[in-house]
Amino acid sequence: MIPNAPDALDRRYDVTIIGGGAAGGVLSKELTDRGMAVAVLEAGSNYESKDFLPFEQIYQAKRFWSGGFETDPYFKFIFIRGKGVGGSTLVNQCLIDRFRPEVFDSWREVSGKPEFNAEEMNKWYNRVEGELQLEAIDPDTFNLNNQMMVKGMEACEYKWKPLRRAQTHCEDCVHCLGGCPLGSKQGTNETFFKKAREDGCEIIADCEIESVEFGQSGTDHTINLTLDGKRQRLRAPLVVLTAGTLGTAKILLKSGLKERLPAVGENFACHPQRLVFGEFEDDLHLFDGSFQAVASDDEQFVKDGFKLECIAGPPITAAIAMGDFGEDHKRKLRRIRHFGALESAIRDDNAGEISLDKKGRLVINKPLTDSDNRKLEKALEAIHNILHAAGAKSTDVIGMDIGLHLQGTCRMGTHPSTSVVDHNWNIHGIERAFICDASTFPTSTGINLVDTVMAQAAMASEKVAEAAV
Ligand SMILES: Cc1cc2nc3c(=O)[nH]c(=O)nc-3n(C[C@H](O)[C@H](O)[C@H](O)COP(=O)(O)OP(=O)(O)OC[C@H]3O[C@@H](n4cnc5c(N)ncnc54)[C@H](O)[C@@H]3O)c2cc1C
Ligand code: SF4
């Protein structure tokens, strides 16, 4: 683990970034490159590749918030977010997709920001992707689960495409969720943060932010934090929140901003993901080879509001995901190599809401709307068709949804009564305070979002830099 500099909190920084994930990584590099004094405050640790051992029970507890996952009050959802320098890119599946142009149409409509268009965004995608090693998975290396998906899709005449991952010399160890032991995965820990740190950016890890007292009329902001178990305060002339959709909303709620900006915590979306297992006669070697390599590429699916991907995780995660109890569970685990797995993700309505309970803990409400349920039904029908066409004897739909693509809660827009940040990612009515993580996304997108989180952060860095001088 990389230790903090002992005097890191005693210094004065031009820009203080709260949260060291996808957006925080890009922003730290962009601003450090401009010669600014930048600090990043991150609740999790600052790992090196050698810290990533393939023990699921340990890495889930350490590198995910709340020791593994968070749920809604009805236990219909689990939400997963990464904790550590690199944020969710430390633990994600590193699939890199650009948004389709029509997503930006809906973004412009809600946010009123003309720069949200494919031509402009492509410049920013090119900029961040230039810092990553990207690989489309070679069909010759597809594992049997992916081959099964291709076979089923082709039999049903659905279109598919190979996925693109941010990785180099990957050895398909299936432990992406724990952090990459080979330094292959191109999370911001391996890329943007490394460069920013070499150029003088101060990364202060194991430092959890409680709240921010926002200053006005040129006075500093005061950040309330816990470092080494000690409550401390840091004065900052300019802050940028990049603590992720749940983290940023929680900090703003704890900072008392809800009264001023009622949209804080509203408009939450997460592309609810539903897993379906198919049981086959033959062994599918679920854990061997390029395990996540194929996605749907069918225009009808896009119209129907969903996408499909092949999925696998390491054994304990797969066992938890399978659900069930007792003898049934034992039987399935004995035959786990005979199971294939596909997942659907829908472009959901922004109908969720984040709030705090009386003890200041997060409450995540994520109702599925009628329209969401219709999309989910169509997605599950397509998965059943694929699995059966590929030869599955039976299929099992998991009884709860997974939320990994957390977005919304601090939406960008024109008016403080309906949004939290303006076109420049500036919090409405507060000078020198910005948000530029996935929480500002104006609408749900239906597509893997980390590429756009990073592109947006690069875009926002110009506005932050202008405000910092
Ligand atoms: C298991 C998993 C798999 C995924 N797979 C993919 C994929 O393949 N492709 C894709 O496009 N997307 C994927 N995603 C989603 C993607 O990684 C996220 O959308 C993206 O990382 C969000 O970026 P962010 O900057 O908003 O937040 P994050 O990257 O989550 O970063 C937020 C950071 O803020 C820190 N933080 C939070 N609260 C505080 C606090 N109070 N004080 C200090 N620090 C705090 C967190 O610890 C974290 O490091 C996946 C996510 C997960 C969890
Ligand atoms: S599967 Fe590849 S990218 Fe993922 S952790 Fe293993 S080596 Fe790294």
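Lys123 is found in helix H5, residues 118-129. With 12 C-beta neighbours inside 10 Å, Lys123 counts as exposed. Its C-alpha and that of Ala455 are separated by 8.6 Å, although the two residues are 332 apart along the chain. This is a predicted model. The points below cover its domains, its nonpolar core, two ligand shells and some individual residues.

**Domains**

- The domain assignment splits the protein into domain 1 (1-54 + 81-133 + 175-260 + 407-469) and domain 2 (136-167 + 271-403).
- The C-alpha centres of domain 1 and domain 2 are 29 Å apart.
- Contacts between the domains involve 22 residues of domain 1 and 22 residues of domain 2.
- On the side of domain 1 that touches domain 2, 11 residues are polar, eight are nonpolar and three are charged.

**Nonpolar core**

- In soluble globular proteins, nonpolar side chains tend to be buried together.
- The largest nonpolar core here has 134 residues.
- Leu342 and Met454 touch the most other members of this core.
- Helix H13 gives the most to the core, with nine residues.
- The core lies between domain 1 and domain 2, because both give residues to it.
- Beyond its neighbours within four places in sequence, Met454 is in contact with Ala22, Ala23, Val26 and Val128.

**Helix H1**

- H1 spans residues 22-33 and is one of the elements that supply at least two residues of the shell around ligand 1.
- The helix has 12 residues and reaches 17 Å from its first C-alpha to its last.
- That reach is close to the 16 Å expected at 1.5 Å a residue.
- H1 is mostly covered, with 11 of its 12 residues buried.
- Among the buried residues are Ala22, Ala23 and Val26, which are also contacts of Met454.
- The buried set also includes Lys29 and Glu30.
- Just after H1, Gly35 takes a positive phi of about 85°.

**Shell of ligand 1**

- There are 40 residues around ligand 1.
- Gly19, Gly21, Gly87, Gly247 and Asp437 come nearest to the ligand.
- By class, the shell has 18 nonpolar, 17 polar and five charged residues.
- At least two shell residues come from each of H1 (22-33), H3 (88-91), S9 (207-213), H8 (244-254) and H13 (450-468).
- H8 provides the largest share, four residues.

**Shell of ligand 2**

- Ligand 2 is surrounded by Gln167, Cys170, Glu171, Asp172, Cys173, Val174, His175, Cys176, Cys180, Leu182, Ser184 and Lys185.
- Six residues of this shell are nonpolar, three are polar and three are charged.

**Pro181**

- Pro181 lies in the loop between strand S7 (164-166) and helix H7 (192-198).
- Pro181 counts as partly exposed, with 16 C-beta neighbours inside 10 Å.
- Leaving aside neighbours within four places in sequence, Pro181 is in contact with Ser49, Phe52, Pro54, Cys173 and His175.
- Cys173 and His175 also belong to the surroundings of ligand 2.
- Pro181 and Asp51 are 130 residues apart in sequence, yet 7.4 Å apart in space, C-alpha to C-alpha.

**Lys254**

- Lys254 lies in helix H8.
- With 16 C-beta neighbours inside 10 Å, Lys254 counts as partly exposed.
- Its contacts, aside from neighbours within four places in sequence, are Glu210, Ser211 and Gly360.
- The C-alpha atoms of Lys254 and Thr414 are separated by 24 Å, with their positions 160 residues apart along the chain.

**Positive phi outside glycine**

- Cys94 has a phi near 55°, a positive value in a residue other than glycine.
- Cys94 sits in the loop between H3 and helix H4 (101-111).
- Cys94 counts as buried because 24 C-beta neighbours lie inside 10 Å.
- Asp228 also has a positive phi, about 50°, although it is not a glycine.
- The loop that holds Asp228 runs between strand S10 (221-227) and strand S11 (230-236).
- Asp228 is exposed, with 8 other C-beta atoms within 10 Å.

Notes
Residues are numbered from 1 along each chain as its sequence is written. Chains are lettered from A and ligands numbered from 1 in the order in which they are written. This is a predicted model: local features need pLDDT of at least 70, side-chain atom pairs count only at pLDDT 80 or more; totals for chains, interfaces and linings use all residues. A residue is near a molecule or strand if its C-beta atom, placed from the backbone, lies within 6 Å of it. Ala, Val, Leu, Ile, Met, Phe, Trp, Tyr, Cys and Pro count as nonpolar, Asp, Glu, Lys and Arg as charged, and the others, Gly among them, as polar. Domain bounds come from an automatic or database domain assignment. Two residues are in contact if their C-beta atoms, placed from the backbone, lie within 7 Å. The expected span of a helix is 1.5 Å times one less than its number of residues. A residue is buried if 20 or more other C-beta atoms lie within 10 Å of its own, exposed if 12 or fewer, and partly exposed in between; C-beta atoms are placed from the backbone. A nonpolar core is a set of buried Ala, Val, Leu, Ile, Met, Phe, Trp, Tyr and Cys residues joined through C-beta atoms within 7 Å.
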